[in-house]
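Q: I am new to this structure and would like a close look at a single part, the place where the two chains meet. Please take me through what is found there in one connected answer.

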Amino acid sequence: MNKKFISLALAATMLAGCGGTAASTSTGGGDAAGKVYYLNFKPEADEYWQELAKEYTAETGVQVTVLTAASGEYEKTLKSEMAKKDAPTLFQVNGPVGLASWKDYCADLSGSDIEGQLTNKAYELMDGDKVAGIAYVTEAYGLITNNKLLKEAGYDASEITSFAKLKEVAEDITKRKDELGFSAFTSAGMDGSSDWRFKTHLANLPLYYEYQADGVDNKDELTGAYLDNYKAVWDLYINNCTIDPSQLSTATGDQSEAEFIDGKAVFFQNGTWEYDKVKAIGDENLAYLPIYFGVDDENQGICMGTENFWCVNGKASEADQKATLDFMNWCVTSDKGVEYMTSGEKMGFNIPFKANPESKNTLFNLANANTATPVSWNFTTMPSEDWKNVLGQALTVYAADQTDANWATVEKAFVDNWAAEKALTAN
Amino acid sequence: MHETGWVAGYTWPVSYYYGNTLLGVNMQKNIKKYWPVFTLPVMAAFAIGFVIPFAMGIYLSFTKFTTVKDAQWVGLSNYAKLLADQTYLHSFFLTVAFAAVTIILINVIAFAIAMALTKELKGTNIFRTVFFMPNLIGGIVLGYIWQLIFSGILVHFNTALNLDARLGFWGLVILVCWQQIGYMMIIYISGLQAIPTDVMEAAEIDGASSWQKLFKVTIPMMMPSITICTFLTLTNGFKLFDQNLALTGGAPMKQTELMALNIYYTFYGRVGFEGVGQAKAVIFFIIVMAMAFLQQYFTKQKEVQQ
């Protein structure tokens with residue numbers, strides 16, 4: 001009897017172990033009232049979203065669960081979470097390409113309260129006539145500049161108004177590198193933590209100018225008309241940075257960031273999200289230059305845009321969708337919500353909603369102060385992750401061995417592979 | 001061999017008998033009565049962890065899906081896309097080459113070390129432990145550790161692992177050998193210790209040279225261990241994923257991408273390609289299964305009765 005009991009108990013625990021996990025996350029906040037489950041994309045903001053969720057629950061009694069995907073794991077996490085019974089009610093896509101994957105899940109947000117809060121229709125992500133997503137943060141990237149070092153080298157950020165001048169300054173600093181004790185650029189690391197700055201963000205510029213020239217906002221095939229400029233900028237980065245180009249393949253994003261903060265380099269290609277780190281060199285020493293591209297430097301501003309669009313899960317229950325919309329609206333209208341989203345001490349976002357206060361993010365203010373035309377974020381139209389990865393690897397190989405043949409591989413990865421990937425993902 | 005097996009003329013496994021008397025009749029009854037208690041948990045775990053996902057996986061390879069719940073039937077189109085994918089074919093040949101190289105290197109070296117460590121030397125236990133230890137570290141961690149080591153060395157030659165496909169390939173081979181030799185060594189040691197000493201003595205008395213003893217006595221007697229080790233190294237070589245992901249990530253230009261990594265990148269690399277990744281995985285399964293069966297068939301043939 002005893003043995004039988006033990007084996008039954010064992011069997012029962014095993015089975016219980018299998019089925020026990022699913023029900024643990026949701027408690028309280030009855031179904032009738034609806035509840036919110038937000039799958040957050042930004043790990044750096046996780047802590048504040050968790051706090052904000054608690055605040056909202058305390059104020060309204062509506063339960064809000066926030067889960068944050070690990071960096072670079074958002075699509076994977078979203079895929080598995082969406083297949084669950086309690087799927088996220090609020091999630092995000094990164095633009096038209098991400099939307100293609102999730103459009104069946106996106107509720108139409110036209111006429112919603114939060115849509116009315118937007119300052120500009122351009123921040124809506126459209127799927128035909130449907131408002132599928134709404135941007136909740138805008139960002140800007142360019143060359144974050146340490147003006148103090150630049151002055152030591154005998155220049156000033158305000159003098160640099162074109163690619164030609166940038167090149168002249170950078171090459172002069174490289175020549176006097178030993179005497180000055182710093183380099184022109186931080187390492188253009190091609191490790192996975194850093195390569196997106198070049199395979200995605202820098203690659204936006206040749207794309208932007210090609211779209212501009214044709215007056216379009218997406219293309220199935222590229223001509224690669226501005227790839228020579230892309231090469232010129234890339235050459236400048238890799239041959240005037242802190243380390244030998246052959247070592248870039250494993251250099252990381254943290255390394256590049258540390259070099260800038262430690263005053264080992266003047267220019268650091270990155271965005272407003274880096275402010276929390278780079279403010280260490282002092283606000284008064286920060287300057288923010290466009291990534292001059294040698295095409296229309298006079299009118300080229302900082303790259304401003306978004307790849308963060310909120311979507312509401314249209315497959316969630318009506319009550320949950322309503323609760324989610326209320327939560328979103330509260331985040332961008334209530335004092336507490338706006339404070340959490342915009343305060344430099346909290347998430348520090350620049351939000352494209354009416355309640356956005358003056359930013360405390362110096363980089364963002366510098367970007368806004370630049371009166372030239374901002375460069376739009378066209379990289380959201382890049383056909384696939386695969387396209388970016390192949391381009392990144394081609395850039396890495398070229399950096400280590402700068403031959404024409406290796407640059408031809410980069411061009412192929414940019415132009416030919418674009419057409420191939422667009423065709424592959426078309427249906 | 002015979003102690004536990006089922007033998008003709010006996011109703012129950014021979015271990016239940018003492019002479020010709022059947023033992024533990026009560027136990028037999030109990031087993032008949034309570035077998036579900038013992039097998040059901042395992043069956044359930046097997047079904048949940050393997051059979052159901054496997055069946056779903058095959059089904060999903062014929063569909064287009066974003067999450068596993070909203071699959072739409074698309075017939076063979078995923079398989080058609082797969083055939084047009086050059087990278088998959090490349091990863092297949094690379095995987096075959098990789099498996100071939102690692103099977104030979106790991107087994108030969110592990111066997112040699114096992115031979116050395118079964119001689120009466122001082123400190124064999126310490127060596128066995130040391131050689132086995134790499135096996136206790138996870139693949140991702142190993143990949144990153146070795147990436148640091150290789151970078152440190154290759155920097156002096158102005159290159160890096162992810163710049164040159166050949167370096168990446170051999171880097172991966174070194175890593176996997178380092179990780180698995182210790183494990184195979186343990187299996188070979190236990191095999192070597194099980195060889196009856198009288199056979200060896202007989203060979204010595206007959207005047208066999210040490211090479212003759214190795215090839216005519218030791219290796220034939222070791223075939224069961226060799227079967228296991230080649231099976232493990234073959235399947236490990238084909239299924240290799242973590243180490244590949246961490247060490248090279250397929251760079252440069254997907255040239256060091258083995259099949260498992262290729263499938264992974266297909267699944268997540270493009271919008272709408274989840275089904276294609278799934279189809280690749282099904283093909284991959286068939287290939288690995290076929291290889292494993294062939295290997296079992298050929299090595300089993302060579303096993304001798306002790």
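A: What follows describes the side of chain A that touches chain B, and then turns to a helix pair within chain A. The model is a predicted one, and in it 38 residues of chain A are in contact with 35 residues of chain B. About 3,100 Å² is buried between chain A and chain B, with carbon and sulfur atoms giving 63% of that area.

Between chain A and chain B there are four salt bridges, and one of the salt bridges joins Lys79(A) to Glu274(B), where the closest N and O atoms lie 2.8 Å apart. Polar contacts between chain A and chain B come to 16 residue pairs, both residues being at pLDDT 80 or more. On the chain A side, the elements that give two or more residues are helix H1 (2-19), helix H3 (74-82), helix H4 (96-102), helix H17 (385-400) and helix H19 (416-424). The largest share of that side comes from H17(A), which gives eight residues. Sorted by class, the chain A side holds 16 nonpolar, 12 polar and 10 charged residues.

Within chain A, the axes of helix H2 (residues 46-60) and helix H15 (residues 335-342) come within 10 Å and cross at roughly 175 degrees, so H2(A) and H15(A) are roughly antiparallel to each other. Here Tyr48(A), Trp49(A), Glu51(A), Leu52(A) and Glu55(A) of H2(A) meet Lys336(A), Gly337(A), Tyr340(A) and Met341(A) of H15(A), and the contact has five nonpolar, one polar and three charged residues.

Note on methods
Residues numbered from 1 in each chain as written. Chains lettered and ligands numbered in written order. Predicted model: local features only at pLDDT ≥ 70, side-chain atom pairs only at ≥ 80, totals over all residues. Heavy atoms only, no water. Contact = heavy atoms within 4.5 Å. Buried area = accessible area lost by both parts, 1.4 Å probe. Salt bridge = Lys/Arg side-chain N within 4 Å of Asp/Glu carboxyl O. Polar contact = N/O pair within 3.5 Å; in protein donor to acceptor, adjacent residues only side chain to side chain. Helix = DSSP H or I, 4+ residues; strand = E, 2+ residues; numbered from the N terminus. Nonpolar A, V, L, I, M, F, W, Y, C, P; charged D, E, K, R; others polar. Axes fitted to C-alpha atoms, helices over the stretch in contact; angles between N-to-C directions. Parallel < 35°, antiparallel > 145°, perpendicular 65-115°, else oblique.
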